[in-house]
Amino acid sequence: MVIAIDGPAASGKGTLARRLARHLGRPHLDTGLLYRAVARDMLDREEPLSDAALAARAAAALDTARLDDPRLRSREMGEAASIVSTFAAVRETLLGFQRRFARQEGGAVLDGRDIGTVVCPDADLKLYVTASPEERARRRQRELAQTGEPSDFETVLADIRRRDARDQGRPNAPLRMAEDAVLLDTTALDADAAFAEALRIVRTRLDV
Ligand SMILES: Nc1ncnc2c1ncn2[C@@H]1O[C@H](COP(=O)(O)OP(=O)(O)OP(=O)(O)O)[C@@H](O)[C@H]1O
Ligand SMILES: Nc1ccn([C@@H]2O[C@H](COP(=O)(O)O)[C@@H](O)[C@H]2O)c(=O)n1
């Protein structure tokens, strides 16, 4: 059973995916970490993020066992990831790992931008999780404050709008809702309410 969860930055899809996976006893992959890790490796080598060939090489050499690095969660890395993720060769290289993860016995829960449209177009259930840009900026600002990276609301909102535009506007696997996805707008839902609604959808659609 594969559950694909997509949505824009700070919509809460990762939180939801992690919780659903734990509840259902399935493995979870936050695919954004792969792109963040490619960007981290390039920044560590002081390589320009705009260099498609170097980005492709970083993706091919990626150590997927190092995705728990706390540095991956920073604002800088989110922005950097959205730059390297525009390259077709980077996406193609990371696709195999994501598909193998999804195809493991018993299935998995994956979240990202193109899970329902490209990585797992045959997923058993697709959720598209969103919230207003302002609500997402509030969530991200709170999260950054908790991790010791305080930032002002307008800067975070501008980051989110820029990232949305880049992720939705790129030619390769742009962020969009799959035609057969279920929309979950969490603007007025806290994390518990969003999880309860997602679980209701899962139970309605899947035999779990
Ligand atoms: N429904 C919700 N209401 C309020 N806060 C939430 C909700 N869901 C998640 N959060 C919080 O918002 C922040 C962003 O959530 P999360 O990391 O899950 O988003 P995301 O969509 O995976 O983001 P990104 O794509 O940028 O990794 C986290 O601090 C999380 O605890
Ligand atoms: N399936 C995916 C997942 C992520 N990206 C890109 O990575 C950036 C960071 O992702 P987070 O979910 O960790 O915020 C994101 O802005 C995308 O550009 C992607 O392209 N495809």
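This is a friendly dialogue on how to read a predicted model, one feature at a time.

Colleague: I have the structure open, and I would like to start with the record. What does UniProt place at residues 3-202?

Modeller: Remember as we go that this model is predicted. An unreviewed UniProt entry places the feature "domain: Cytidylate kinase" at residues 3-202. Over that stretch the chain is 54% helix and 11% strand. The C-alpha atoms at its two ends are 9 Å apart.

Colleague: Let me try a strand, then. Is S1 enclosed or open to the outside?

Modeller: For burial, we count the other C-beta atoms within 10 Å of a residue's own, and 20 or more makes the residue buried. In S1, five of the five residues pass that test, so the strand is largely enclosed by the rest of the structure. You can check each face in turn: Val2, Ala4 and Asp6 are buried on one side, and Ile3 and Ile5 are buried on the other.

Colleague: Which strands pair with S1?

Modeller: To read a pairing, look at the partner, the direction and the bridges. S1 pairs with S3 in the parallel sense over five bridges. S1 also runs parallel to S4, and four bridges join these two. Alanine 4 shows both pairings: its bridge partner in S3 is leucine 110, and its partner in S4 is lysine 126. Further along S1, aspartate 6 stands opposite tyrosine 128 in S4.

Colleague: And what lies beyond S4? Which strand pairs with S4 over four bridges in the parallel sense?

Modeller: That is strand S5, residues 182-185. Here leucine 127 has valine 182 as its bridge partner. S4 is mostly covered too, with five of its six residues buried.

Colleague: Next, the nonpolar core. Which residues of the largest core touch the most other members?

Modeller: In a core, it helps to look for the members with the most contacts and then for the elements that contribute. The largest nonpolar core has 27 residues, and Ile5 and Leu110 touch the most other members. Among the elements that each supply at least two residues are strands S1, S3 and S4, along with helices H1, H5 and H9. A separate core of 19 residues includes Leu72, Val84, Phe87 and Val90.

Colleague: What is leucine 110 in contact with, leaving aside its neighbours within four places in sequence?

Modeller: Its contacts include Ala4, Leu29, Phe101, Ile115 and Val119. Thr31, Gln98 and Cys120 are also among them.

Colleague: Back to the record. Which residues does the "binding site" annotation cover?

Modeller: The unreviewed UniProt entry gives that annotation to Gly7, Pro8, Ala9, Ala10, Ser11, Gly12, Lys13, Gly14 and Thr15. Let us visit three of them. Glycine 7 sits in the loop between S1 and H1, while lysine 13 and threonine 15 lie in helix H1.

Colleague: Are those three buried or exposed?

Modeller: We use the neighbour count again. Glycine 7 is buried because 28 other C-beta atoms lie within 10 Å. Lysine 13 counts as buried as well, with 28 C-beta neighbours inside 10 Å. Threonine 15 has 18 other C-beta atoms within 10 Å, so it is partly exposed.

Colleague: What do glycine 7 and lysine 13 touch, neighbours within four places aside?

Modeller: Glycine 7 is in contact with Lys13, Tyr128, Val129 and Thr130. Lysine 13 is in contact with Ile5, Asp6, Gly7, Asp111 and Val129. Sequence distance can mislead you here: glycine 7 and leucine 127 are 120 residues apart in sequence, yet their C-alpha atoms are 8.3 Å apart in space.

Colleague: Finally, the ligands. Which residues come nearest to ligand 1?

Modeller: For a ligand, read the shell of residues around it. Ligand 1 has 18 residues around it, and Gly12, Gly14, Thr15, Arg139 and Glu143 come nearest. H1, helix H7 (133-146) and H9 each give two or more residues to this shell. By class, the shell has five nonpolar, eight polar and five charged residues.

Colleague: And how many residues surround ligand 2?

Modeller: There are 15, and the closest are Gly32, Tyr35, Ser82, Ser85 and Gly112. Helices H2, H4 and H8 each supply at least two residues of that shell. Its classes are four nonpolar, six polar and five charged residues.

Terms used
Residues are numbered from 1 along each chain as its sequence is written. Chains are lettered from A and ligands numbered from 1 in the order in which they are written. This is a predicted model: local features need pLDDT of at least 70, side-chain atom pairs count only at pLDDT 80 or more; totals for chains, interfaces and linings use all residues. A nonpolar core is a set of buried Ala, Val, Leu, Ile, Met, Phe, Trp, Tyr and Cys residues joined through C-beta atoms within 7 Å. A residue is buried if 20 or more other C-beta atoms lie within 10 Å of its own, exposed if 12 or fewer, and partly exposed in between; C-beta atoms are placed from the backbone. Two residues are in contact if their C-beta atoms, placed from the backbone, lie within 7 Å. A residue is near a molecule or strand if its C-beta atom, placed from the backbone, lies within 6 Å of it. Ala, Val, Leu, Ile, Met, Phe, Trp, Tyr, Cys and Pro count as nonpolar, Asp, Glu, Lys and Arg as charged, and the others, Gly among them, as polar. UniProt positions are given in the numbering used here, feature names are shortened, and annotations may be inferred rather than shown by experiment. Two strands pair if DSSP finds at least two bridges between them.
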